[in-house]
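Student: I'm new to this one, and I'd like to know where the labels come from. Can we go through them together?

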Amino acid sequence: MATTRQILEQPQSPFIQRIKSSGNISMNGSPMIDEKEEELSQSAFALFKAKEDEIERRKMEVKDRVQTKLGLAEEATRRLAEIREELEALTDPMRKEISAIRKRVDAINRELKPLGQSCQRKEREFKEALEAYNEKNKEKAIFVSKLVELVTESEKLRMTKLEELSKSIEISLR
């Protein structure tokens with residue numbers, strides 16, 4: 001709150017300056033205090049009191065506005081805290097489930113890795129065995145065809161010999 005000296009040092013209206021100057025004259029010059037000067041000093045005091053009341057009223061208005069805004073801010077903070085708690089309550093069960101599922105997926109991945117390697121190794125072995133089987137099968141097919149060829153040729157030779165023998169027997173029997 002402003003002191004009387006601070007209020008008197010502030011720039012003032014012409015009416016207050018006249019009051020100050022009239023007081024100076026009466027102090028400097030003659031000691032006459034008449035009704036007009038008394039009235040002026042009372043009106044100056046009333047003006048001073050009115051300004052002080054106006055300042056106090058404005059101060060209270062600002063204080064009330066600040067309190068209102070502060071109350072609104074506190075209410076908003078409280079509501080935000082409630083919302084945060086609700087969100088945490090919503091996500092907390094999901095986090096536990098997600099965490100459990102992730103752990104299970106990780107465990108399965110650890111189990112799958114050696115199985116995948118084993119599968120790849122067995123596939124490689126299977127391919128090698130299949131290639132060896134196919135080669136042996138081709139080799140067998142070659143030998144079987146050669147055998148068939150040889151048997152056929154042998155049969156032809158035997159048939160020709162048999163025919164020759166049969167002719168020779170026929171000639172001998174005649």
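Student: Why is Glu54 called partly exposed?

Tutor: Its relative accessibility is 28%. Buried means under 20% relative accessible area, exposed means over 50%, and partly exposed is in between (1.4 Å probe, protein chains only). So Glu54, at 28%, counts as partly exposed. Keep in mind that this is a predicted model, where local features need pLDDT of at least 70, side-chain atom pairs count only at pLDDT 80 or more, and totals for chains, interfaces and linings use all residues. Residues are numbered from 1 along each chain as its sequence is written, and side-chain values use heavy atoms, with hydrogens and water left out.

Student: What makes the contact of Arg58 and Glu54 a salt bridge?

Tutor: The term asks for a side-chain nitrogen of Lys or Arg within 4 Å of a carboxyl oxygen of Asp or Glu. Here the N to O distance is 3.0 Å, so the pair of Arg58 and Glu54 fits. Both residues sit in helix H3, 4 residues apart, which is about one turn of the helix.

Student: How do you know that H3 is a helix?

Tutor: Helices are DSSP runs of H or I with at least four residues, strands are runs of E with at least two, and the numbering starts from the N terminus. H3 covers residues 35–173, so the label fits that rule. In total the chain has 3 helices and 0 strands, giving the pattern α-α-α along the sequence.

Student: Which other pairs in H3 meet in a salt bridge?

Tutor: Among them are Glu61 and Arg57, at 2.3 Å from N to O. Those two lie in helix H3, 4 residues apart. Glu61 has 35% relative accessibility and counts as partly exposed, and so does Arg57, at 40%. Then there are Arg78 and Glu82, at 2.4 Å, also in helix H3 and 4 residues apart. Arg78 is partly exposed at 40%, as is Glu82 at 36%. Salt bridges that share partners join Glu54, Arg57, Arg58 and Glu61 into one network. The structure holds 6 salt bridges.

Student: What makes Leu80, Ile83, Leu87, Leu90, Met94 and Ile98 a nonpolar surface patch?

Tutor: Patch residues need over 30% relative accessible area and no salt bridge; nonpolar side chains (Val, Leu, Ile, Met, Phe, Trp, Tyr) are joined within 5 Å, and like charges within 9 Å. Take Ile98, in helix H3: with 40% relative accessibility it is partly exposed, so it passes the area cut-off. The patch comes to about 590 Å², with areas from the Shrake-Rupley method and a 1.4 Å probe, where only the protein chains shown count as cover for residues.

Student: Why is the patch of Glu125, Glu128, Glu131, Glu135 and Glu139 called negative?

Tutor: Asp and Glu count as negative, Lys and Arg as positive, while His and the chain ends are not counted. Each member named in this patch is a Glu, so the label follows. One of them, Glu128, lies in helix H3 and is exposed, because its relative accessible area is 51%.

Student: And how much of the chain is buried?

Tutor: Buried residues make up 6% of the 174 residues. The accessible surface of the chain is about 16300 Å², and 60% of that belongs to carbon and sulfur atoms.

Methods:
The place of a charge is taken as NZ of Lys, CZ of Arg, CG of Asp or CD of Glu.
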